Amino acid sequence: MSLYEFIREDLIKVNLTVDNQDQLFETLFIEAYQRGYVKKDYLQKLKEREAVFPTGLSMGEYSVAIPHTDPEFIINPFIAVATLEKPVSFHLMEDKSKQTEVNMILMLGLNEPHSQLKMLQEIMTLIQDKSKIEQLLKAQTPIEVQEILKKNRS
Amino acid sequence: MKKVLVACGAGIATSTVVCNRVENLLKENGIEAEVIQCKIAEVANRQDDADLIVSTTILPTQYKIPAVIATAYITGINMEALDQKIIDHLK
């Protein structure tokens, strides 16, 4: 399955305003939980995991974050996309002592790693694609985000 | 045969991509090795019969075997240097 097939229109948040990482996670969790994508414990586990194994990625000129947690808290697999009005701090995946300001979030709800390889590779290609990230950050509606990601389809 | 542990925090997202990348890298370079995907928390118990740890996440402890951080495969920055580092460890 490709990345696009995991994108859910109701899990796309454009120009979201949050004050910090906790608020970001809570906002995205509520959307995912209400629609039956995740179990109730997901939020707590997501926060715990992010604290121990952060998911901020500095790509040089910009930063993204790919928060996710263990597969057992996922009911229906998904990728939630959020662009932020003002960035929030994430610790770096490879070095917890460093932080980066992130305004592009891809929250991954995955439950089968091997069959999802293609989609994961597409995510990595996407986050490395500066022009695509710029387009996503400029998008004003969830539909626009979907359209940009649709073009990403290989 | 050499054994490589590919680890990330949840053992599900970044390690899946890195696992595939490392498998192909070793194949291309004629290095016969078993590549195992796991959570970083499992590495301590599995290191005894392994030769190298490739982790996309921070290492929570010191290991007996060499470990390399593979975030480069996620960001795409300096991937070739990381390829070489892994090959050198397994030669």
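## Ring pairs, a parallel sheet and salt bridges

Ring pairs join A:Tyr37, A:Tyr42 and A:Phe78 into a cluster. This cluster belongs to a predicted model, and a search of the whole structure finds four aromatic pairs over all chains. One of the pairs is formed by A:Phe25 and A:Phe90, whose rings meet edge-to-face, with 6.0 Å from centre to centre and 70° between the planes. Because A:Phe25 lies in helix α1 (residues 21-34) of chain A and A:Phe90 in strand β4 (residues 78-92) of chain A, this pair ties together parts that are 65 residues apart in sequence. A:Phe25 is buried, with a relative accessible area of 1%, and A:Phe90 is buried as well, with a value of 0%.

### The sheet of chain B

In chain B, four strands form an open sheet with parallel pairing, and their order across the sheet is β2-β1-β3-β4. The edges of the sheet are taken by β2 (33-39) and β4 (67-69) of chain B, each of which has a single partner strand, so one side of each is left without a neighbour in the sheet. Neighbouring strands of this sheet are turned against each other by 20° on average, direction ignored.

The edge strand β4(B) is joined to strand β3 (residues 52-55) of chain B by three bridges, and the two strands run parallel. Within this part of the sheet, B:Ser55 stands opposite B:Ile69, a residue of β4(B).

Two helices of chain B lie across strands of the sheet. Helix α1 (residues 14-28) of chain B lies across β1 (2-8), β2 and β3 of chain B, and it runs at about 170° to β2(B). Helix α4 (residues 79-90) of chain B lies across β1, β3 and β4 of chain B, running at about 175° to β4(B).

### Salt bridges

Over all chains, a search of the whole structure finds 15 salt bridges. The table lists some of them, with the distance given from N to O.

| Side chains | Distance, N to O |
|---|---|
| A:Arg35 and A:Asp10 | 3.2 Å |
| A:Glu26 and A:Lys47 | 2.7 Å |
| B:Asp49 and B:Lys3 | 2.8 Å |

The salt bridge between A:Arg35 and A:Asp10 starts from the loop between α1 and α2 (42-52) of chain A, where A:Arg35 lies, and reaches A:Asp10 in strand β1 (residues 7-16) of chain A, so the pair ties together parts that are 25 residues apart in sequence. A:Arg35 counts as partly exposed at 37% relative accessibility, and A:Asp10 also counts as partly exposed, at 30%. Both residues belong to a network of salt bridges that links A:Asp10, A:Lys13, A:Glu31 and A:Arg35.

The side chains of A:Glu26 and A:Lys47 also meet in a salt bridge. Here A:Glu26 lies in helix α1 of chain A and A:Lys47 in helix α2 of chain A, so this pair ties together parts that are 21 residues apart in sequence. A:Glu26 is partly exposed, with a relative accessible area of 31%, and A:Lys47 is partly exposed too, with a value of 22%.

In chain B, a salt bridge brings together the side chains of B:Asp49 and B:Lys3. B:Asp49 lies in the loop between α2 (40-46) and β3 of chain B, whereas B:Lys3 lies in strand β1 of chain B, so the pair ties together parts that are 46 residues apart in sequence. With a relative accessible area of 16%, B:Lys3 is buried, and the strand that holds B:Lys3, β1 of chain B, is one of those across which helix α1 of chain B lies.

How values were computed:
Residues are numbered from 1 along each chain as its sequence is written. Chains are lettered from A and ligands numbered from 1 in the order in which they are written. This is a predicted model: local features need pLDDT of at least 70, side-chain atom pairs count only at pLDDT 80 or more; totals for chains, interfaces and linings use all residues. Side-chain values use heavy atoms; hydrogens and water are left out. Rings of Phe, Tyr and Trp (its six-membered ring) pair if their centres lie within 6.5 Å; planes under 30 degrees apart count as stacked, over 60 as edge-to-face and the rest as tilted. Buried means under 20% relative accessible area, exposed over 50%, partly exposed in between (1.4 Å probe, protein chains only). Two strands pair if DSSP finds at least two bridges between them. Axes are lines fitted to C-alpha atoms, for helices over the stretch in contact, and angles run from 0 to 180 degrees between N-to-C directions. Contact means heavy atoms within 4.5 Å. A salt bridge is a side-chain nitrogen of Lys or Arg within 4 Å of a carboxyl oxygen of Asp or Glu.
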